[in-house]
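Here are a few exercises to work through with your viewer open. Try each task before reading its solution.

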Amino acid sequence: MEPNQQDYLSYSDDQHLQVHNINIKDIIKSFPTPFYLYSEKILEENYNAFVQGMQKANIQNYNIAYALKANNNSDLIKKLASYGAGGDIVSGGELKCALNSGIAADKIVFSGVGKTDREIKAAIEAKIYSINVESEQELYHIQQIAKELDKIAPISFRLNPEVNVETHSYISTGAYNHKFGLIDSEVITLIQKVNSFTHCEFKGISMHIGSQLLDLTATFEAVEKLCQFITQNNIEVEFIDLGGGLGTTYRQDQIAPKVDDYLEGIKNILDQYFKRIPKIVLEPGRRIMASAGFFITSVLYTKYSREIPFVIVDGGMNDFVRPALYSAYHEIYPGIKNGHPEQKINLVGPICETGDFFAFDRTLPILGSGDFYMVSDTGAYGYSMGSTYNLRDRPIELLMEKNNKIRKIRESQTAF
Ligand code: LLP
């Protein structure tokens, strides 16, 4: 069962915010804000939802290749590796991180439109499961590099299934005019070509149509197109990689599809096309990490002179950029509830841009210096998209283990 936010967030009798019944106020006594706090329990449950979904859908041969871009904290990835996760990587850095964190090389897939020769070389040398090829020129580079190394490079072609998805335009990736993948006629040509290549082995077809998908219609349409493409063209595949993208619940009034329904829907389509279903690779990032992470930030100052008061906190868009970059909505919880009447506020950071905000015009208790707010569902694309913009320190990361002990899992990188 995937965890429900209400199951792990609560307020103590004296109205202080708790995660798994641990008072965040007490954590702040030992660690400086802003910081990310992750829950091992939620992480494990989120991952297990995929394993259980596979079992329920009766998909036996699979690889849940966690997309490292969502969160590259090695301690968290070590946990996922210990549960059996593979890894979806998009850079040499992520390759190194995946291997150092214990993800088996034969469970790693390498996506991305712009792999460098150095990255391709490292991937071939590490003997990863597949390099997902996104252009004809990339294929030539892989063949050449594999030849120089005297190795065989396992490859798949990333098909652009030409579907339109409902999500923020920056994270939609499966339409014809997006830079990602190859269109179907290109894949056919390249499969014919690669057969004569001495140092590449064609193993599968991959796709990824976008991220934060809350409506499964486009996903199922794309899966259907991919299956049709493979079977109509008699393409022999060892695996099919369906990418990531399953959305998460960011707003309390929003309902994300269940992992079970997602996988059952996929299985129904696969059954229509295959007598023997190939290995299924998935590349989920957000759905595994987002709800396992919280961003905690303390109030510095309050400005009442404007129509909507500004509450200025010590965390900024360099720490958590999703609101600034995508106008993303994240639920915000006040660290304390009583004695603070609710009103419309702007919750903003210290960075010198008007776009540096966590919430505009949001009804929340107005807290004072030393109190804190928690931005929820920040485990995915939080720390990993952070920067030192304004030459600010990077926040620390903490893990709440299953025994409720708190452990620092990344030091602050201080500029000051
Ligand atoms: N596989 C590929 C090839 C991808 O490009 C991505 C995400 C994933 C898997 C994982 O997708 P997920 O399951 O996490 O949706 N920074 C944005 C999200 C960018 C997603 C990029 N690609 C955000 O904060 O919403």
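Buried area is the accessible area, taken with a 1.4 Å probe, that two parts lose on being put together, summed over both. Please keep in mind that this is a predicted model.

**Exercise 1. The two domains**

Task: Find how the protein chain is divided, and work out how much area domain 1 and domain 2 bury between them.

Solution:
- Step 1. Start with the division: domain 1 takes in 5–39 + 290–410, and domain 2 covers 61–284.
- Step 2. Place the two parts in space: the C-alpha centres of domain 1 and domain 2 are 33 Å apart. Their contact involves 22 residues from domain 1 and 17 residues from domain 2.
- Step 3. Now apply the definition above. Between them, domain 1 and domain 2 bury about 1,800 Å², with 49% of that on carbon and sulfur atoms.
- Step 4. Look at who contributes: Y326, Y329 and Y381 account for 29% of the area that domain 1 buries against domain 2, more than any other three residues.
- Step 5. Check for charged pairs. The rule finds one salt bridge across the interface of domain 1 and domain 2.

As a side task, which residue forms a salt bridge with R407? The residue is D75, and the closest N and O atoms of this pair lie 3.0 Å apart.

**Exercise 2. The nonpolar cores**

Task: Locate the largest nonpolar core and say which residues have the most contacts inside it.

Solution:
- Step 1. The largest nonpolar core is made of 122 residues, and F157, I205 and Y373 have the most contacts inside it.
- Step 2. Ask where its members come from: domain 1 (5–39 + 290–410) and domain 2 (61–284) each give this core at least three residues.
- Step 3. Zoom in on I205. Leaving aside residues up to four places away in sequence, I205 touches S156, F157, L159, V187, I191, L226, F229, I230, V237, F239, I240 and D241.
- Step 4. Another core, of five residues, lies apart from the largest one; A65, V109, F239 and V281 are among its members.

**Exercise 3. A three-stranded sheet**

Task: Give the strand order of the open sheet of three strands, then explain why one side of β1 and of β3 is left without a neighbour in the sheet.

Solution:
- Step 1. The order is β1-β2-β3, and the pairing is antiparallel.
- Step 2. β1 (9–11) and β3 (22–23) each have a single partner strand and stand at the edges, so each has one side without a neighbour in the sheet.
- Step 3. Follow one pairing: strand β2 (residues 17–19) is joined to β3 by two bridges, and V19 is opposite I22 in β3.
- Step 4. Is N23 buried or exposed? N23, which lies in strand β3, has a relative accessible area of 13%; buried means under 20%, so N23 is buried.
- Step 5. List its surroundings: N23 touches S12, H16, L17 and Q18, not counting residues up to four places away in sequence.

**Exercise 4. The partners of β13**

Task: Which strands does β13 pair with?

Solution:
- Step 1. Strand β4 (residues 35–39) runs antiparallel to strand β13 (residues 293–303), with four bridges joining them. Here Y38 has G293 as its bridge partner in β13.
- Step 2. Strand β18 (residues 372–376) also pairs with β13 in the antiparallel sense, over five bridges. F295 has V375 as its bridge partner in β18.
- Step 3. Strand β14 (residues 310–313) and β13 pair in the antiparallel sense over four bridges, and T302 is opposite V311 in β14.
- Step 4. Finish with the connection: β13 and β14 form a hairpin, with six residues between them.

Key: Residues numbered from 1 in each chain as written. Predicted model: local features only at pLDDT ≥ 70, side-chain atom pairs only at ≥ 80, totals over all residues. Heavy atoms only, no water. Core = buried A, V, L, I, M, F, W, Y, C linked by side-chain atoms within 4.5 Å. Buried < 20%, exposed > 50% of the residue type's maximum accessible area, 1.4 Å probe, protein only. Domains from an automatic or database assignment. Contact = heavy atoms within 4.5 Å. Pairing = 2+ DSSP bridges. Salt bridge = Lys/Arg side-chain N within 4 Å of Asp/Glu carboxyl O.
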